[in-house]
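Subject: Structure handover

Hello,

Here is the structure I promised to pass on. Please open it first, then read the notes below.

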Amino acid sequence: MTEYEVIIGLETHIQLNTTTKIFCACKADSWEDEPNTNICPVCTGLPGVLPVLNEAAVEKGALLAAAMHSEIRLTSFFDRKNYFYPDLPKGYQISQFDLALGKGGYLDLPMPDGSVRRVNIEKMHLEEDAGKTKYEHGVRYVDFNRCGVPLVEMVTGPDLRSADEAAQYLIRLRQLLRWIGISEANMEKGHLRCDANVSIRTVGSTVLNTKTEIKNVNSIEAVRAAILKEVERQIEVVESGGRVEAWTLDWDDAKGKLTKMRSKETEADYRYFREPDLLPLELTEAWREGVIASLPELPLARRARFRREFDLPEYDADILTSDRPISDYYEAAVSAYGGDPKVVSNWIMNEVLRMQNDLGVSADELVLKPQDLAEAIRLVEAGMINNATAKSLLVKVQESGKSPVRIVEEEGLAQVSDDSALQAAIDKILAANPDEVASYRGGKEGLFGWFMGQVMRETRGKADPKASRELLQKALRGEG
Amino acid sequence: MTLMDQSAFITAQKVKAGERSAVEVLESALERIAVVDGRPGSLDYGELTDEDKAKVHAFITLTADRARQQAEAVDAKVRAGEAVGPLAGVPLSVKDIFTVKGMPSTAASRILATFTAPYTATAVQRLEAAGAINLGKVNLDEFTYGSSSESSAFQPSPRNPWDTSRVPGGSSGGSTASVAAGEALLSLGTDTAGSIRQPAAFCGVVGVKPTYGRVSRYGLIAFGSSLDCPGPVAANVRDAALMLGAMAGADPHDSTAAKVPVPDYLASLEQGVQGMRIGLSPDYMKITFPDAETGELVEQDLPEEIKAATLHAAEVLARLGAEIVEDVPMPHTAYGIPAYFVISRVEAASNLHRYDGVKYGYRTQSDYHDLNEMYRKTRAEGFGLQPKLRILMGMYVSAAQYAEQYYARALRVRSLLRSDFDAAFDPAGAYKLDALLTPTTPTTAFKMADVYGDSVLMQYADQLTVPANHAGIPGLSLPGGIASDGLPIGVQFLAPDFAEETLFRAGQAFETATAAEAWRKIKPEVLR
């Protein structure tokens, strides 16, 4: 049986999170806004209007280029991509063509086997988004809100080798975009859009066979599923003696089906030419250096450092660099705590992440600060509170904004390790449960746990477990 | 002699001083329009009558009520002792290629006949802010595509006030005709290959194509975006300088509008030409065009009268102390039109994409079954011949397989044309020119319908003006004489980037020195 290798390239459109659109002063983000409410003469292409470039879009685009190890061109150009569609009010899209802002670049993907897959970037340019059309009851409606929203189009080389790798690329790209703060990168909201180019070849071959392009894959799961489906189809075509044709396919996520949109035998001619309404985009060397210098430590670098510096397992390091707020949170907590970084990791992975998920916020939005967490861990280590108390304590800090120490004091949460108080509680429990005492003494030693539970209940969880165990054992043996 | 026979400069002075009211001036303009203009251009024009053929037909849309409100506002300010602008009370006409909020902005095309702009072009807004009284919109070639104004979808098209059987030139023919006939004291035009200077020459008025980027293009319905320049049309050099000063300068809505300070053009106007180096080039004393049969390039000398007017201007300037530098080579002049044909049409085809029947303007009234049919019918019915020709040509020469052969080559020719001027104006070069003096046009105004229909020949009317558009440099055309056919002849000054002051100084010197010459006394036919 022939074995096949899958060749995938991804074309992504990344919506930059600027306040205003790329060529006018309209609000860029129109999520849940009424159609055609964030529009003006410029973004709707009225006669006589001219684009004026939003510098924030250039900065964010350059930051992405720097993060992708692309060269930021000091002189780049905008070009017109000419085509007709109702959602494109000027009849051309202002984009970049041969001399775009970013040149080259790559993203290194860590693979489960410990290797690294380098995905090269073939194209990276700034452009304006088009609007949206929808067809309803025989009428075609156009919404121009999205016209002129700044995008970066980024195209990878044919460097990915499986649906999982494609998904991994998107996961890492999304992480990076949020990390450097240039895009919300929410695929469901269209901040990060993806088309996948897929072809297959027999293992060992180095040719690039005819590829198909899958459009409309709007979640990471959809990318994975659509590619798997398409690879299956291509193998079937080849195995049955056919030839894969250069189709454009549409992915229907609900039905899990690919349908052919069109044959793509000849490339469309967009008649690109320099946009005469914009000057060449000239950047200075100092500006470029400033952008590169402002780049934060990137997730994969930080992940490696966490493993090295804090001796974290790969699993922990990965989760603790999944986004920048949790990563910063962890580092701050480690530094405030001063003890074993793995202990802090355990607390964050168990308690803080759960709290964050329950509340639907990011780590930097928690009331519970890294310093609070460190304080609570120290209270446990000092034997002031037990683990269970500490967990509920963290919730109380989040709810009240008070410090852990203050809550422990105010609510008397410190452990009861005073023998006489514990002894009184134990005596009371034994007196109230003569049958259980008799059973225990008759050999049912498994009841010990039940007695411990009663002690905890009596002391409302504050009993020092070690002291309680010793006193309870004595009492049950009749030594009390 | 009416108020419309006075200069814009004097008019503004008098209005500011309260000696004349803006309303009085406006009424005088409206009276003149009523006498000379005839019916405005419209889509349903029917047969042209003999009376039509004797009128100017500069206007498409006359907005007398809006103008009255503006005039009253200026007068109210004057009465209240408040400051008014340098164009206070000056009647202005605007080429209907600029948007004005609330006014139809048609581009003289059926496809925009119903379009009312929701915003005002920067140049118009600045002129109005300076106190100009906007009379309304004047006619032009459809989307400015022409050199006679005959291709307008709004007929009757403008006629030359000197001889109404002749074209006013174009595409700013409505602008130059309205100023020549004294319907407006100033007009705002656009120049992409000579569209201000050529009709200014034909109509015996002053027309300025400023440096590319000197005046904002925001609100100018684009033709060739890398070539288009809004500019003044006026009866004399001082008025043109006054008008340019009021509208030039950087604009946050146009990133190609230069952030170069705007000098006080009036302050240097009278400084004369003493010591100025003014060049003459043999390459501007002939035209080169393809033979209709063979396609071979044929050279032809300009008519003697045209050459003589330019040489007369050189003599006058020499008497005033200018140094005339002869035989300045401008070797790429002949290629200006072919290169322009390609570049302007690529940009035009793209600029016309937006007129698709989806959002505004004309949409086909007949049935259509899908989007593409709607596009096809809308554009087939909405565009006239010129836009269609330019779309076809523009699409062809920018197609992937031809772009290198045509578009890229035309851009290289454009650089060569620029290098001609760089060499002539280079302060360290062989010629060190302050300005080049040339004829504006190869002929005087031609007969209506004589050239119309021959798109190639029509284009050659711009051969002496288009190099400035390629190079981005400023040019000024002003009257230099009257030919034996009784029609005005224009002479042109060309200067380096942002040297409009030089143009105005040279123009003013020539105008003043020739004030007493006999041809200056001759009036346009419609005013006799």
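Which element supplies the largest share of the lining of the second largest pocket? The answer is helix 16 of chain B, with three residues. Before going further, please keep in mind that this is a predicted model.

**The second largest pocket**

This pocket has a volume of about 910 Å³. Its lining counts 34 residues. Nearest the centre of the pocket lie Gly204(B), Ala235(B), Asn236(B), Arg520(B) and Lys523(B). To trace the wall, start from four elements of chain B: helix 5 (173-180), helix 7 (237-247), strand 12 (475-482) and helix 16 (500-513). Each of them gives the lining at least two residues. By residue type, the lining holds 20 nonpolar, seven polar and seven charged residues.

**Where the two chains meet**

Next, the interface. On the side of chain A, 30 residues are in contact with chain B, and 38 residues of chain B take part in return. The size of an interface is often given as the accessible area lost when the parts come together. Here chain A and chain B bury about 2700 Å² between them. Carbon and sulfur atoms account for 60% of that area. Which residues of chain A lose the most area to chain B? They are Pro47(A), Phe84(A) and Arg271(A). Together they make up 26% of what the side of chain A buries.

The polar side of the interface is quick to list. There is one salt bridge between chain A and chain B. It joins the side chains of Arg217(B) and Asp277(A), at 3.0 Å from N to O. There are also 18 residue pairs in polar contact across the interface, counting pairs with both residues at pLDDT 80 or more. The side of chain A that touches chain B divides into 19 nonpolar, five polar and six charged residues.

**Enclosed spaces**

Rolling a probe the size of a water molecule over the atoms shows where empty space is left. How many cavities of 30 Å³ or more does the structure hold? It holds four.

The largest cavity takes up about 150 Å³. It is lined by 21 residues. Tyr145(B), Gly146(B), Ser147(B), Arg390(B) and Met458(B) are the ones nearest its centre. Two elements of chain B, helix 12 (385-398) and helix 14 (455-459), give two or more residues to this lining. Helix 14 of chain B has the largest share, three residues. The lining is made up of six nonpolar, 11 polar and four charged residues.

The second largest cavity holds about 90 Å³ of space. Its lining has 14 residues. Those nearest its centre are Val42(A), Leu50(A), Pro51(A), Lys90(A) and Ile94(A). Nine residues of this lining are nonpolar, one is polar and four are charged.

**Salt bridges**

Over all chains, the count comes to 58 salt bridges. One of them pairs the side chains of Glu153(A) and Lys123(A), at 3.8 Å from N to O. What does this pair tie together? Glu153(A) sits in strand 11 (residues 150-156) of chain A and Lys123(A) in strand 8 (residues 116-128) of chain A, so the bridge links parts that are 30 residues apart in sequence.

Over to you.

Best wishes

Terms used: Residues are numbered from 1 along each chain as its sequence is written. Chains are lettered from A and ligands numbered from 1 in the order in which they are written. This is a predicted model: local features need pLDDT of at least 70, side-chain atom pairs count only at pLDDT 80 or more; totals for chains, interfaces and linings use all residues. Side-chain values use heavy atoms; hydrogens and water are left out. On a 1 Å grid over the protein atoms alone, a cavity is a set of points where a 1.4 Å probe fits but cannot get out, and a pocket is an open set with protein on both sides within 12 Å along at least five of seven lines; lining residues have an atom within 4 Å of a point. Grid points are joined across faces, edges and corners, and a volume is the space filled by probe spheres set on the points. Ala, Val, Leu, Ile, Met, Phe, Trp, Tyr, Cys and Pro count as nonpolar, Asp, Glu, Lys and Arg as charged, and the others, Gly among them, as polar. Contact means heavy atoms within 4.5 Å. Buried area is the accessible area (1.4 Å probe) that two parts lose on being put together, summed over both. A salt bridge is a side-chain nitrogen of Lys or Arg within 4 Å of a carboxyl oxygen of Asp or Glu. A polar contact is a pair of N or O atoms within 3.5 Å; within protein, one must be able to donate a hydrogen and the other to accept it, and residues adjacent in sequence count only if both atoms are side-chain atoms.
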